[in-house]
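Student: Before we turn to single elements, could we go through this chain as a whole and then settle on one sheet?

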Amino acid sequence: MRHRASPVGPTPAGPAPADPSLPHATPPSSGVASTDAPGPLDTHRSWARLRARFGAVAPVEVAPGLDGWLLLDYHESLTALRDSALFSTDPRHWKGGDGQGQAPPPVAPRIGAPPGDGPRHRRLRAPLGDTVAALSGQRAARGVREIAHGLIDGFASTGRADLVGDYAVPLTGRALGGLFGLSGVTGETLVDLLAQTYGGDGRAGRVAAERIRAYLSALVASRRAGPGGDLVSRLLSHPAGLDGAETADALALLLDTGYESTVHLIGNVLRVLLSDAEVASAYRGATLPAGDLIDHVMWVAPPLRVSTGRFPRRDLRIGDARIREGEAVLIGFAAAHTDPAVGGRADGRRCVSDLAGNRAHLMWGAGPHGCPARGLARDIAVTAVDTLLDRLALPRLAIDPQRLRPHPSPSAHGCAELPVLFRPEAPKVAPPPSAGRRRALRFLRPPRSTGARYQAPGARTGDDPAQPEPASTPPRAGRPRPTGARYHVPAPTGEHPPQDPLEALVRCWRPEEDSP
């Protein structure tokens with residue numbers, strides 16, 4: 001019978017020594033497995049060894065010198081995701097923290113404040129879910145397809161590319177920027193900051209995350225002054241009535257939960273297609289549509305190894321381990337998906353037909369903290385993969401799959417690079433300028449007709465004295481010309497219009513470039 005989480009006495013079980021043979025674990029001085037070091041892309045046998053040694057939950061080091069627990073069992077992980085009465089997401093409950101919600105990844109989000117539990121979380125989640133749903137679907141797919149073609153144009157004629165750095169990273173950043181109504185330098189600034197935040201360099205990532213928080217505050221102020229049809233403007237106009245700080249928190253929540261997972265979902269889907277002949281054959285033969293392919297990869301190569309922390313509200317027993325109130329508990333997505341209880345195998349191999357359309361994986365979360373943008377993430381990933389493979393001819397990995405480096409992140413499960421080779425496209429040749437001018441001539445407006453037939457005066461020629469000079473029209477007396485928004489005429493104030501706060505911030509960071 002499977003153990004369930006249940007209250008126990010306060011005596012904790014000490015962390016057991018880590019298995020030094022585990023290739024993905026870097027045993028620190030405390031003798032427990034560390035989640036801070038990246039591991040090989042295929043860690044299935046490592047999860048099996050951890051499960052055989054510790055059972056449903058293993059002691060780990062969630063950050064240097066900070067102990068916690070890693071859930072390996074699918075059903076225990078599902079319980080932790082669903083049961084917010086037993087597990088909190090707020091790091092202020094963490095006994096290893098400072099009581100202010102400050103915690104390192106993967107214990108806490110990188111950009112925004114933790115969403116917490118209860119009314120505040122529901123207040124942010126409802127408008128975010130409604131707004132993202134309204135912008136998903138065909139509208140999002142069209143935008144992603146345009147971005148994808150623009151990126152592919154940049155390397156299609158070279159015959160080689162890094163499908164993570166040249167494609168998945170900028171595509172995801174630009175897709176989110178497009179939803180925010182961004183373009184030009186302001187949009188590329190967000191793309192760059194996101195890449196730095198989740199790039200694996202801890203110090204640079206912290207600096208970039210601070211800048212993103214300032215960026216989001218300026219973006220909210222900009223959209224409040226000049227709303228449009230973008231996601232930020234829709235959030236501000238939602239009946240929930242979020243204020244500026246709450247809107248910025250909701251945007252940070254979307255970036256924290258959606259950016260890194262989408263980047264590595266695209267990368268992992270492409271890696272599986274390029275390294276697994278069975279999956280590639282099913283996809284090319286249309287027996288595995290792109291949507292089902294996404295679910296297959298979520299099971300066999302989930303884009304995140306672990307979730308942000310959960311913190312028990314009271315002492316628990318999970319399996320043979322006693323977990324104290326407030327200790328950090330990480331949910332191992334990759335480990336849970338290899339659980340034999342849900343058909344997992346030690347080698348990670350799963351039948352394509354068994355997983356096609358199976359959405360019981362944990363990558364979207366569950367319960368009150370389930371991902372509010374899962375539909376958007378699927379739209380981005382499906383469109384990105386289909387568009388790339390429609391354009392590239394005979395793509396193949398440039399190196400052996402075993403030599404692919406894992407991304408240096410404590411939570412991400414994906415490649416640092418995905419180098420590929422393919423048959424180059426012929427460079428696009430621009431039409432000669434004269435051809436463009438000839439086409440344009442057809443659309444020139446003909447000269448205005450003159451003469452009595454058209455009730456218009458004939459054209460003057462030379463200095464014909466028979467044609468008197470027209471008298472100048474005196475100005476019409478009466479009320480002054482109306483001005484204001486109603487008449488689309490600005491009032492003559494004599495002052496410069498106020499500067500957009502987002503453009504001002506970006507210009508401060510990038511003075512050598514002009515904002516749009």
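Student: Among contacts in the protein chain between residues at least 6 apart in sequence, what percentage join residues at least 24 apart?

Tutor: Keep in mind that this is a predicted model, with 16 helices and 12 strands in the protein chain. Taking the contacts between residues at least 6 apart in sequence as the whole set, the share that joins residues at least 24 apart is 73%.

Student: What share of the 516 residues is buried?

Tutor: The accessible surface of the protein chain comes to about 25700 Å², and 53% of that area belongs to carbon and sulfur atoms. Burial is instead counted by residue, with under 20% relative accessible area as the cut-off, and the buried share of the 516 residues is 48%.

Student: In the open sheet with the order 6-12-11, which strands stand at the edges, and why is one side of each left without a neighbour?

Tutor: The three strands of this open sheet pair in antiparallel fashion. Each edge strand has a single partner strand, so one side of it has no neighbour in the sheet, and the edge strands are strand 6 (160–162) and strand 11 (393–397). Neighbouring strands here are turned against each other, direction ignored, by an average of 25°.

Student: Which residue of strand 12 stands opposite Ala161?

Tutor: Strand 6 and strand 12 (residues 419–423) run antiparallel and are joined by three bridges. Across this pairing, the residue of strand 12 opposite Ala161 is Val420.

Student: Which helix packs on the sheet, touching strand 6 and strand 12?

Tutor: The direction of this helix makes about 60° with that of strand 6. The helix spans residues 163–179, and it is helix 5.

Conventions: Residues numbered from 1 in each chain as written. Predicted model: local features only at pLDDT ≥ 70, side-chain atom pairs only at ≥ 80, totals over all residues. Heavy atoms only, no water. Pairing = 2+ DSSP bridges. Helix = DSSP H or I, 4+ residues; strand = E, 2+ residues; numbered from the N terminus. Axes fitted to C-alpha atoms, helices over the stretch in contact; angles between N-to-C directions. Contact = heavy atoms within 4.5 Å. Buried < 20%, exposed > 50% of the residue type's maximum accessible area, 1.4 Å probe, protein only. Areas by Shrake-Rupley, 256 points an atom, 1.4 Å probe, with all protein chains shown as cover.
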